Amino acid sequence: MGLALEQAHLAEQQGEVPVGAVIVKDRQCIGRAYNQCITNNDPSAHAEIQAVREACQSIGNYRLIDATLYVTLEPCCMCAGCLVHARIKRVVYATPDPKAGAAGSVFNLVNGYPLNHKIATTTGILQKSCSELLKNFFKARRM
């Protein structure tokens, strides 16, 4: 999760919502990214999507079987759907998203019927640091 938090700080430096993601398979980092929606003028350029793209290129497969995603904020519906299609084994997220979370907070796409793949989830790792980063980012934007 520390590497994902580093990615979130890179997003913040670029003026992006500070969310970072890292994908690990066989104890190797195969993908890492941060939000790039504003930079790329692309609403799908969330950290999770960007990390999945890099990881798939890294291993030469669109399936990320036995891989774990570490992300600083609970995935949204778009990202959760992508993770299901990629067959990610596990998602570890730092802080829940009570407005748009799709790994149990608002929706539960990662474990819900009728989807054909279920993803194990863990939450709360470095939650305070990741939550404070997001809160401070949005607080500064409102000033």
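# Close-up views of a predicted model

**View 1. Asn-41 sits in the loop between α2 (37-40) and α3.** The model shown here and in the other views is predicted. What is the phi of Asn-41? The value is near 50°, positive even though the residue is something other than glycine. Asn-41 has 71% relative accessibility, and because the cut-off for exposed is over 50%, it counts as exposed.

**View 2. The turn between β1 and β2 holds residues with positive phi.** Strands β1 and β2 make a hairpin with 2 residues between them. Asp-26, in the turn, has a positive phi of about 50°. Arg-27 is in the loop between β1 and β2 as well, and its phi is also positive, about 65°, although Arg-27 is not a glycine. Is Arg-27 buried or exposed? With a relative accessible area of 82%, Arg-27 is exposed.

**View 3. Strands β1 and β2 pair in the antiparallel sense.** Moving from the turn into the strands themselves, β1 (residues 20-25) and β2 are joined over 6 bridges. To find your way along the ladder, start at Gly-20, whose bridge partner in β2 is Tyr-34. Then look for Val-22, which stands opposite Arg-32 in β2.

**View 4. An open sheet of 5 strands has mixed pairing.** Reading across the sheet, the order is β2-β1-β3-β4-β5. The edges belong to β2 (28-34) and β5, each of which pairs on one side only. How far are neighbouring strands turned against each other, on average and with direction ignored? The figure is 15°. Helix α1 (residues 2-13) lies across β1, β2 and β3, and runs at about 150° to β1. Helix α3 lies across β1, β2 and β3 too, running at about 145° to β2.

**View 5. Strand β4 has parallel partners in β3 and β5.** Strand β4 (residues 90-95) is mostly covered, with 5 of its 6 residues buried. On one side, 5 bridges tie β4 to β3 (residues 68-73), and the two run parallel. Getting from β3 to β4 takes the chain through helix α4 (residues 77-86), and this β-α-β crossover is right-handed. How many bridges join β4 to β5 (residues 120-123)? There are 4, and this pair also runs parallel. A handy landmark is Arg-90, which stands opposite Ala-120 in β5.

**View 6. Leu-73, in strand β3, is buried.** The relative accessibility of Leu-73 is 16%, so it falls under the 20% limit for buried. Its bridge partner in β4 is Thr-95. Which residues does Leu-73 touch, leaving aside those up to four places away in sequence? The contacts are Val-19, Glu-48, Tyr-93, Thr-95, Pro-96, Asp-97 and Leu-134. Gln-127 is 54 residues from Leu-73 along the chain, yet their C-alpha atoms are separated by 8.8 Å.

**View 7. Helices α3 and α4 are roughly parallel to each other.** Two packed helices are described by the angle between their axes and the distance between the axes. Here the axes of α3 (residues 47-59) and α4 come within 9 Å and cross at roughly 25°. That angle is under 35 degrees, so the pair counts as roughly parallel. The crossing of α3 past α4 is left-handed. Which residues meet at this contact? From α3 come Glu-48, Ile-49 and Val-52; from α4 come Met-78, Cys-79, Cys-82, Leu-83 and Ala-86. Glu-48 is worth picking out, as it also touches Leu-73 from the previous view.

**View 8. Gly-112 is found in the loop between β4 and β5.** Is this loop glycine buried or exposed? Gly-112 is buried: its relative accessible area is 18%, and the limit is under 20%. For a sense of scale, take Ala-47 as a reference point, 65 residues from Gly-112 in sequence. In space the two are 23 Å apart, C-alpha to C-alpha.

Note on methods
Residues are numbered from 1 along each chain as its sequence is written. This is a predicted model: local features need pLDDT of at least 70, side-chain atom pairs count only at pLDDT 80 or more; totals for chains, interfaces and linings use all residues. Side-chain values use heavy atoms; hydrogens and water are left out. Buried means under 20% relative accessible area, exposed over 50%, partly exposed in between (1.4 Å probe, protein chains only). Two strands pair if DSSP finds at least two bridges between them. A crossover is right-handed if, with the strands pointing away from the viewer, the path from the first strand over the helix to the second runs clockwise. Axes are lines fitted to C-alpha atoms, for helices over the stretch in contact, and angles run from 0 to 180 degrees between N-to-C directions. Angles under 35 degrees count as roughly parallel, over 145 as roughly antiparallel, 65 to 115 as roughly perpendicular and the rest as oblique. A crossing is left-handed if the near helix is turned anticlockwise from the far one by less than a right angle, and right-handed if clockwise. Contact means heavy atoms within 4.5 Å.
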